[in-house]
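Visitor: I have a model open and would like to learn how to read it. Where do I start?

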Amino acid sequence: MTEMLPTFEECWEAVGRRAAGNEYQYSILYEELVKARKRSGHFAEVGAYRGASGKMMAMLAPDKEVHLFETFTGLPEPSPLDTPSTEWERGSLTADQEDTEQFLADCPNIRIHAGLFPSTGVCIHDHMFALVHLDADLFEGTRDGILFFARRLAPGGVILCHDYNNSIAPGVSKAVIRYAKLLKLSKRHIGEFYVLLQKSGGL
Ligand SMILES: C[S@@+](CC[C@H](N)C(=O)[O-])C[C@H]1O[C@@H](n2cnc3c(N)ncnc32)[C@H](O)[C@@H]1O
């Protein structure tokens, strides 16, 4: 039987009204999800906000678990490595947990982990991942996401990190450059602000 994959337009129709970014950003994520859905391993996201990108992940891989990490109290305190940044402070981008859970209720493969990552990651310590979407905006969340998930990538698995080279999120690029080098991950800049990290030799 032919499998019907939701088109990008269908996904955008379902999630666009709650999106944190623009249609172009989500189209890049869509393309990477389509490739990743064929690999073994689950999906995860650090920084789920109001659930838009998480829902797209779940729509494209109903057979995978999709683990979403979100404080639901907004951004944690930025570190000195997040300066100079004009936009964000502790508590920016707060999403309502109940409202987000309702929006995601029709995706039975989604698991929501409320609280500050990486302490909320313990329950998936033995999981392997086909794709991890890092969208935490700050140095520490990006660093912790890379450190936690790099050794939990399934064969061919990728970490797709948003806000790389974005001047309003300087901590993200610093974390990517520092920890990709330390963990010997290859990096490929795609789209405007995405970078794809993978175990070297795997790209
Ligand atoms: C840009 S928003 C994510 C947008 C979302 N991926 C989307 O496209 O719909 C960034 C989110 O990361 C969350 N966040 C940042 N650091 C975090 C951490 N260490 N643990 C959990 N959530 C975090 C913030 O609360 C915020 O809601």
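Guide: We will go from the whole chain to the sheet, then to the ligand. Keep in mind that this is a predicted model.

Visitor: What does the secondary structure of the chain come to?

Guide: Count the elements, then read their order. The chain has six helices and seven strands. Starting at the N terminus, the order is α-α-β-α-β-α-β-β-α-β-α-β-β.

Visitor: How does the radius of gyration compare with the globule rule?

Guide: The radius of gyration is 16 Å, and the rule gives 17 Å for 203 residues, so the chain is as compact as a globular protein of that length. Along the principal axes, the C-alpha atoms fill a box of roughly 55 × 40 × 35 Å. Buried residues make up 42% of the 203. Look at the contacts too. Among those with a separation of 6 or more, 69% join residues 24 or more positions apart.

Visitor: Now the sheet. In what order do the strands lie?

Guide: First the general idea. Strands of a sheet pair through backbone hydrogen bonds, either parallel or antiparallel. Here seven strands form an open sheet with mixed pairing, in the order β3-β2-β1-β4-β5-β7-β6. Its edges are β3 (110-114) and β6 (185-190), each paired on one side only. From one strand to the next, the twist averages 15°.

Visitor: How many bridges join β6 to β7?

Guide: Six, and the two strands run antiparallel. Strand β7 covers residues 194-199. To see one pair, find Lys187: its bridge partner in β7 is Leu197.

Visitor: Which helix packs on the sheet there?

Guide: Helix α6, residues 170-182. It touches β5 (153-162), β6 and β7. The direction of α6 makes about 145° with that of β6.

Visitor: And α3: is it mostly covered or mostly open?

Guide: Check burial residue by residue. In α3, nine of nine residues are buried. Among them are Ser53, Lys55 and Leu60.

Visitor: Which residues are closest to the ligand?

Guide: Gly47, Tyr49, Ser53, Phe117 and Gly141 are the closest, in a shell of 25 residues. Ser53 is also one of the buried residues of α3. Both α3 (52-60) and β2 (66-70) supply at least two residues of the shell.

Visitor: How do the residues of the shell divide into nonpolar, polar and charged?

Guide: Sort them by side-chain class. The shell holds 15 nonpolar residues, six polar and four charged.

Technical notes: Residues numbered from 1 in each chain as written. Predicted model: local features only at pLDDT ≥ 70, side-chain atom pairs only at ≥ 80, totals over all residues. Pairing = 2+ DSSP bridges. Helix = DSSP H or I, 4+ residues; strand = E, 2+ residues; numbered from the N terminus. Axes fitted to C-alpha atoms, helices over the stretch in contact; angles between N-to-C directions. Contact = placed C-beta atoms within 7 Å. Near = placed C-beta within 6 Å. Nonpolar A, V, L, I, M, F, W, Y, C, P; charged D, E, K, R; others polar. Rg over C-alpha atoms; globule rule 2.2 N^0.38 Å. Buried ≥ 20, exposed ≤ 12 C-beta atoms within 10 Å, placed from the backbone.
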